[in-house]
Amino acid sequence: LKHELAREALKLNKISDSIEISSLADIPASTGLGSSSSYLVGLLMAIHAHRKDYISLQKIAEEACRIEIEILKKGIGKQDQYMAAFGGMTVLEISKNGKVRVRQLRLGSLALEEMIANSPIYFLNKKRDAVEVLQDQDRAMKNSSPGSSQVEESLLQIKEIGLQILKAIEREDFDRYGELMDAHWRNKRKLSPKISYSEVDQLYEFAKQEYRVLGGKIIGAGGGGFLMLYCPDKQKELTQFMHGKGYSRLPYNITFEGTQVVTHVGHPNDLV
């Protein structure tokens, strides 16, 4: 079986007899939105339902992490698997030993609508390999002398900015969230030259000047995929400009259910 995620999910759950797996997605792979981990989490949920096993969302996420990080040795983190499993506005606290504590951040419906409306996402028409970008970042850290790594310093600053972003969102101060996204993106670009590229950098600076974009970032590891911009006033004009450049806007919302079996189709063992 060439599909490594499906293969390892079936092996881990000791399924070796005939089974058919079909999948479809709204977005292409390798675009920074965690599609691989989302696929794996959904497949594991379906497999456990097929086996009539009860399994918590925490265990689904950890099983996906085990497959991607321990078995397949992918140089990625745990955020995509947990976000796919739990859904919603999810806060993750990941300890040094790898343990993950999850809590849900609740916003009022009007505040949530405001945040989404002010944070449009555009497809950059460019795919990238997240593992390659992360490996380049890892090499930069390992090749530097202890305590002097620009990558290490930027990562520590990004962590602090992340904590400030959480506080801003909890206060529903979304303009401050946008400003912090700008600080986050400037630090993230120091991690690797593969995270951004000149066309996006020029586009970003122009959007800040012309459309009062307060901040933004390439979603995921960087290098391509989707660009999120925080624009509190001129979303329509910004979208017209981006469309003129060939970048389509991705409509999105936030679901709070996480991974789930939606329905049984046909045979009792057929799951969606």
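Here are three short exercises on the predicted model above.

**Exercise 1: the nonpolar cores**

Find the largest nonpolar core and work out which element gives the largest share of it.

Solution. Start with the size: this core has 24 residues. Next, look for the residues with the most contacts inside it, and you'll land on Met89, Leu107, Met115, Ile169, Phe174 and Tyr177. Now go through the elements: α5 (109-117), β3 (121-123), α7 (150-170), α8 (174-188) and β5 (226-230) each give two or more residues. The largest share, 5 residues, comes from α7.

Then zoom in on Tyr177. Skip its neighbours within four places in sequence, and it is in contact with Met115, Ser119, Ile165, Ala168, Ile169, Met228 and Tyr230.

Last step: look apart from this core and you'll pick up another one, of 23 residues, including Ala6, Ile47, Cys65 and Leu72.

**Exercise 2: a hairpin**

How do strands β1 and β2 run, and how many bridges join them?

Solution. Take β1 as residues 90-94 and β2 as residues 100-104; they run antiparallel, with 5 bridges between them. For one facing pair, check Val91, which stands opposite Arg103 in β2. Then move to the 5 residues between the strands: in this hairpin, Gly98 takes a positive phi near 95°.

**Exercise 3: cysteines**

Are Cys65 and Cys231 buried or exposed, and how many disulfides are there?

Solution. Use the cut-off first: buried means under 20% relative accessible area. Cys65 has 3% relative accessibility, so it counts as buried. Cys231 comes in at 0%, so it is buried too. For disulfides, look for cysteine sulfur atoms within 2.5 Å of each other; the count comes to 0.

Notes: Residues are numbered from 1 along each chain as its sequence is written. This is a predicted model: local features need pLDDT of at least 70, side-chain atom pairs count only at pLDDT 80 or more; totals for chains, interfaces and linings use all residues. Side-chain values use heavy atoms; hydrogens and water are left out. A nonpolar core is a set of buried Ala, Val, Leu, Ile, Met, Phe, Trp, Tyr and Cys residues joined through side-chain atoms within 4.5 Å. Buried means under 20% relative accessible area, exposed over 50%, partly exposed in between (1.4 Å probe, protein chains only). Helices (H or I, at least four residues) and strands (E, at least two) are DSSP runs, numbered from the N terminus. Contact means heavy atoms within 4.5 Å. Two strands pair if DSSP finds at least two bridges between them.
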